[in-house]
Structures are given as structure tokens and as C-alpha cells.
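Q: I have a chain open on my screen and would like to learn how to read its helix packing, sheets and salt bridges. Could you walk me through them?

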Amino acid sequence: MKHTIWLLALTLPSAQLTAQKKADRKTLGNLQAHITYLASDKLEGRLTGSPGEQLAAGYISAQMKQAGLAPKGENGYLQTFPVNEGKTIAPASSLTINNNALTPIEQYIPLPFSAEKSAKGEVMPAVNEPDNIWLLNVKDFEADPHTDPLEVYKQAAAEAAKAGATGVVFYNGPESAADVHKWLSRESTPLTIPVMWVTDGISKTMENAEEVKVSMNVAFGTSKRTGTNVIGFLDNKAPATIIIGAHFDHLGKGEDHNSLSPNDKSIYNGADDNASGTAALIELARMLKSAHFNKYNFLFTAFSGEELGLFGSKYLADHSPIDLGTVDYMINMDMIGRLDTSKGLQIGGIGTSPAWPELVKSVTPAGLKLTLDSSGTGPSDHTSFYLKNVPVLFFFTGSHADYHKSSDDADRINYNGEMVVLKMVYDIVEKTNGMTKLAFTKTKDKQMGTSARFSVTLGIMPDYTWQKNGVHVDAVTEGKPAYKAGLAVNDIIIRLGEHPVTNLEAYMQALASFKKGDKTTVLVMRGAQEKKFNIQF
């Protein structure tokens, strides 16, 4: 598929007609200018809390001001929020194997329950001696596949410490370095000895050596950074407000280890993800300022922290500059720059108001294929507003081969296709301008972010920004097992049946072990109290 702005042809009558209009040609040029800047190397991937994020926030603020929006942040257009990511590997950490200094994350990772201590020893891999470092081969472990792997490591290290080990190095673990690095965000009571995990290449060195000289030191830091949302307000002195949003953060140079090319250290420009949605946000602000749809005020919100787990939108929803009770609906645009007419457009949240199906149908160009999802939840920022009982729509042109890779560049954007999406959003706003307030309806939760496959649901909405142990309950669906059992918002699920629940992935893996009709228990922390509930799927 060719992605040149003026030569790409869409088989959509509305696109062919409107592309000839002067106003639309200006909008197309503006979209290209916004995305070209936001996805340039100068912004270094717009990592949350980075100088590149600040450059992007400054650009968006300037565009909002130029469009005639009033600032609605705490500092002009800006609203800052905290991102607490747990432990980091401090520069003082080190691991030397046979006099070769290893590289943190790429070759070794201290485990979160490690003591901040040092140890030295000359070790034979198959021999575990008191008063020496132990090298533990994970292939030798016999563990229940449903047990949390971090707990398996902790138990083995605790037993080694009890037997006199001065430190532990785990090798031949089945996890990726990226997965193990994420464990540092989890709270864990430290043991009395230093503990490290090494990657495949180092594991082979240990396997093939008769004796290994080890020197290790574990030191942690605390990862806290500040993200920035950008908020502009079009005040029409109306009683109701529409929120239009898009996240503008991306992956930087892969520092957060959430890219799909972990060995690629170049800049991840994120043209589609999500400079495309941000550009549309800016242009919609300009268009709606001139439209005089005076039934509504408009809150334009550019979120950061989405790639880390919806941090920015959740913070804004919890610290909104306007009363969310006055919000009629919210529209979120995330990755709208790769419209392919053979695949069509995906729209989520269609079930969050009974008005949506007919409205969406009425603004869809002839010939455009739609994939509709009723759920108000999903892997983007509309989720944060759905959980506040706000009707939402989520526009998305689909994933592609460049997703979360450094190849997601501005020259691959389908600008005419993005114009189609932008005009659909505009048309929805225009049509609702003559309607009464949209009713809100709850939908089935959409589970995400896991490799597990399951046939039952507990009926809770997890908090995707939760960084501590367990799964924090953001919402409970009426009529589902959790609701019937008595679980409540803000409960923290720590066990499902016999399965420890340490994070969202562990929860999904546990859920996958049950089938309809099964009975089990759910253990939660409610404040400082531990409570157990009987449930049936």
C-alpha cells in the first residue's frame, strides 16, 4: 500500500470529493506538518517524562493557543502527574563473571527481593556450598506451572540463604529480560542475600564452565518521573461538554522495554502511535472553534503516560478541570493514520450509549468497512472515562507491521485516510449538537494484555496503572461472579483459587484455569483487611 499524501487514492466517494476543497487541502497539509514534527528525531520518541515529551507538550500547547482554546491545565495548558515505577538498577549494581563485567538488563537483572549487598566467590555450577555464592539452574526446578515465577525464584533464593548461601545467581530461566525487568515494579520483601538473574548468553557460559568466578553487588534506585498532559478548553458557556482526546507519548528509544524490537536502540518516532491522533486533535480544535456548535463546550486533551498504562488519562479523569457530570461523551483517537480500505476502520465503545450505533452508521462514508466493538474498555485512554460513566467512542485504524517499532515514521501515514476519520468525528459532533444528552450504558469488559486464553470472566475491570502487588479493582460488573460474591471497587485481588495473583498477567493466567460452572474462592485485600469470597463461574 502506497502512503504518499497526494497520490494515495481511497475508494471512498466522500474522500474523493472533500480532498478537492480548499479547507480540506489545508487540513491535510496541517496534519502532515503536525505529524512530521511530532514524529521527528528532534523529539526523540516522546518518552513520558523526557525532554522530548516536553517539546511535544510545548508544540501542542502553542497549537491550542493558536486555535483559540483557553488553557485548562494547572500551569497554563499543562497538567503534570506522577508515574511511580518501583525499583531501578542503580549504577552501583554490578555483576562480573570470570573477570568480565556484564551489562545490566541486557545480561543481568537483580531480582526485586534481593538484598542490597555484595558477594564474591569461586563457584562450581553443580556444587552449592555454605558461605559461597550459589549458581541455580532454573531448568532443574520442579514448579507448578500456575505458580507465579517470581515467587518460585524467591522461594529458591530463601532456601539457599537459609542453607548458608552468600548470594544467588539464577541461570537458564525461561523468561525474557524484558519480562524480568518488569518485575522490578513489584513490591517484595527483601531477603538477606543479593540475588541476580542472567540472560541466555551468560547462562551458556555458566553451563559450560567447570568453575566460575563471580563478583556481584546489588544496589537499587527508585523510579519516579513526571508526565505531562496538555489541556485546552473551548468555552461556549454551554451546560454540557464533550471531551476529545488522544495520547501523544511514545516509546523514546525503547528505555521502558516495551518495544517489539528490543535490540533496536534507535528512536521510536511513533508517527501512527500516536502522532496521528494528536494531529487530528489539533485540527479538530481548529475546526470546532470555527463551527459554533454552541450546545457544547469542548475539552481537548492530549495525554501522556498511555504507553506505560493510561497514567495520564486516569490522572485527568480523577483530577478533571471540569465536572465530569457535565460531560456528554468522550471521543478517543489512537493510531488513526493507517486506514486500509480492505481492512477498514475499527470503532470501540459502540455499546456505551444506545445513541452510538445509529450515529456512527449515519456518518460512515459509503464503501468504508467498519469493525465495531461494544466494550467501553480497551488498551487506550477512553477506558479512564468509561469508568467514570461517560459514553465513549474509540477510533483506531488497526495495528500493522511497524507497531512499536522504529519504522513507524511519518512517510508511512495515510493522510487522506486520516482525513476520513477526522471528518467522521467532526460529523458526530455536528449531529449530537442537535440532540439531547446521550444516555450511558455499561458494557462487557474487554480483557487485554495477556497471553492467556479463558472461557470465563470474574466480572471486574482491573486498574491498568496499578504498580503494586495484586490486581486493583476499578469497577465491578453487575450480575457477574464478582458482583454476586460481594467484591467491590478498590479491592485488591491477591489470590484466585490456589493461584497467587501478583499482577494482571498472573490474574489472567489464573482465570484461564477455570471453566464455566467451576466454584472457587477469591482472596482480596480490602483496606488493611484480608477477605475471602466464594464464587461460581
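A: Gladly, and let us begin with two helices. Helix α2 (residues 22–38) packs on helix α11 (residues 415–432) at an angle of about 110°, with their axes 10 Å apart. This is a predicted model, in which local features need pLDDT of at least 70 and side-chain atom pairs count only at pLDDT 80 or more, while totals for chains, interfaces and linings use all residues. Residues are numbered from 1 along each chain as its sequence is written, and side-chain values use heavy atoms, with hydrogens and water left out.

Q: How should I read the angle between α2 and α11?
A: Two packed helices are described by the angle between their axes and the distance between the axes. Axes are lines fitted to C-alpha atoms, for helices over the stretch in contact, and angles run from 0 to 180 degrees between N-to-C directions. Helices (H or I, at least four residues) and strands (E, at least two) are DSSP runs, numbered from the N terminus. Angles under 35 degrees count as roughly parallel, over 145 as roughly antiparallel, 65 to 115 as roughly perpendicular and the rest as oblique. Therefore α2 and α11 are roughly perpendicular.

Q: Which residues make the contact of α2 with α11?
A: With contact meaning heavy atoms within 4.5 Å, α2 contributes D24, T27, L28, L31, Q32, I35 and T36, and α11 contributes Y415, N416, E418, M419, L422 and K423.

Q: Does α11 pack on another helix, and at what angle?
A: Helix α9 (residues 356–363) packs with α11 at an angle of about 125°, their axes 9 Å apart. That makes α9 oblique to α11. Here W356, L359, V360, S362 and V363 of α9 meet M424, D427, I428, K431 and T432 of α11.

Q: Let us turn to sheets. What is the order of the strands in the open sheet with mixed pairing?
A: Strands of a sheet pair through backbone hydrogen bonds, either parallel or antiparallel. Two strands count as paired if DSSP finds at least two bridges between them. In this sheet, four strands have the order β5-β9-β8-β7. β5 (108–110) and β7 (133–137) are at the edges with a single partner strand each, so one side of each has no neighbour in the sheet. Neighbouring strands are turned by 20° against each other on average, direction ignored. Strand β8 (residues 167–171) runs parallel to strand β9 (residues 195–198), joined by three bridges, and V168 has V195 as its bridge partner in β9. Helix α4 (residues 149–162) packs on the sheet, touching β7, β8 and β9.

Q: Which strands form the antiparallel open sheet?
A: The order there is β4-β3-β10-β6, with β4 (100–101) and β6 (118–123) as edge strands. Strands β3 (residues 94–97) and β10 (residues 212–217) share four bridges, and I97 stands opposite V214 in β10.

Q: Where is a hairpin, and what lies in its turn?
A: β22 and β23 form one with two residues between them, and G527 in the turn has a positive phi of about 65°. Strands β22 and β23 (residues 529–536) pair antiparallel over eight bridges, with R526 opposite Q529.

Q: How many salt bridges are there?
A: Side chains of opposite charge can pair when their charged atoms come close. The rule asks for a side-chain nitrogen of Lys or Arg within 4 Å of a carboxyl oxygen of Asp or Glu, and the count comes to twelve. One of them joins D256 and R225 (2.4 Å, N to O). This pair links distant parts of the chain, 31 residues apart, with R225 in strand β11 (residues 220–234) and D256 in the loop between β12 (240–247) and α7 (271–291).
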